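Biologist: Could you take me through the aromatic side chains in this one, and then through whatever sits around them? I'd like to hear how it all hangs together.

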Amino acid sequence: MNCPLVSVLFVGLFHQTTMAVIMDKLADRKICGDAECSYVLSMATALDDFIAPDCRFINIKKGQMVYVYSKLIPADGTGVFWSGSVYSERYVDQMGRTGYFPATVVKETRKFTDNTIRKQTTDMDFYCD
């Protein structure tokens, strides 16, 4: 085999290109259970399917359990979005991925805490890779 061809194949296989994009903010403030927004606020059940329009969001299937980590505080005239992860044996490929979804597509079934904090969102809250 030709050595330059092997080199090109090797570089092509192991070179990863990333295009990180900071998307528009969905809100300036959010509600969390702790300073890092790592504690689960509540559990919810999806009332309907939701198809993510871009990388900030997650796909949700009707009946799926969703763990809610933060709730964006909407500006006047904007939608209400929450951040969470989906868990279901039927949709293993999505488990553990965190993203936004409209609050209207889920019903909270269990609150884990009433002690919440309000904090500013950052550009990293809406970062896509």
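Modeller: Sure, and keep in mind that this is a predicted model. Let's start at Phe-57, which is buried because its relative accessible area is 5% and the cut-off for buried is under 20%. The structure holds four aromatic pairs. Phe-57 makes one of them with Phe-81: the ring centres are 5.5 Å apart and the planes sit at 65 degrees, so this is an edge-to-face pair, given that anything over 60 counts that way. Phe-57 is in the loop between strand 3 (42–46) and strand 4 (65–73), while Phe-81 belongs to strand 5 (residues 81–87), so the contact ties together parts that are 24 residues apart in sequence. Phe-81 has 18% relative accessibility, so it also counts as buried under the 20% limit. Add Phe-50 and you get one aromatic cluster, made up of Phe-50, Phe-57 and Phe-81.

Now for another pair, Tyr-100 with Phe-126. Here the planes are at 20 degrees and the ring centres 5.4 Å apart, so the rings are stacked, the cut-off being under 30 degrees. This pair also links distant parts of the chain: Tyr-100 sits in strand 6 (residues 98–102) and Phe-126 in the loop between strand 8 (117–120) and strand 9 (127–128), 26 residues apart. Both rings are covered: Tyr-100 counts as buried at 5% relative accessibility, and Phe-126 is buried with a relative accessible area of 0%.

Strand 6 and strand 9 turn up again at the largest pocket, which holds about 220 Å³ of space. It is lined by 13 residues, and the closest to its centre are Cys-55, Arg-56, Thr-98, Asp-125 and Tyr-127. Strand 6 and strand 9 are the elements that give two or more residues to that lining, and strand 6 gives the most, with three. If you're thinking about chemistry, the lining splits into six nonpolar, three polar and four charged residues.

There is a charge over a ring, too. Lys-71 lies over the face of Trp-82, at 4.5 Å from the ring centre. On the backbone side, Lys-71 in strand 4 stands opposite Ile-31, which fits with strand 2 (residues 29–32) and strand 4 running antiparallel, joined by four bridges. Strand 2 is also joined to strand 8 by four bridges, again antiparallel, and there Ile-31 stands opposite Arg-118.

That leaves strand 3, at one end of the loop that carries Phe-57. Strand 3 is mostly covered, with four of its five residues buried. Ala-46 is found in this strand and counts as buried at 4% relative accessibility. Ala-46 and Val-86 are 40 residues apart in sequence, yet 9.4 Å apart in space, C-alpha to C-alpha. For its partners, strand 3 pairs with strand 4 in the antiparallel sense over four bridges, where Thr-45 has Met-65 as its bridge partner. Strand 3 also pairs with strand 7 (residues 106–111), antiparallel and over five bridges; there Met-43 stands opposite Arg-110.

Technical notes:
Residues numbered from 1 in each chain as written. Predicted model: local features only at pLDDT ≥ 70, side-chain atom pairs only at ≥ 80, totals over all residues. Heavy atoms only, no water. Phe/Tyr/Trp six-rings, centres within 6.5 Å; stacked < 30°, edge-to-face > 60°. Buried < 20%, exposed > 50% of the residue type's maximum accessible area, 1.4 Å probe, protein only. Lys NZ or Arg CZ within 6 Å of the ring centre and 35° of its normal. 1 Å grid on protein atoms, 1.4 Å probe; cavity = no way out; pocket = protein on both sides within 12 Å on 5 of 7 lines; lining within 4 Å. Points joined across faces, edges and corners; volume = space filled by probe spheres on them. Nonpolar A, V, L, I, M, F, W, Y, C, P; charged D, E, K, R; others polar. Pairing = 2+ DSSP bridges.
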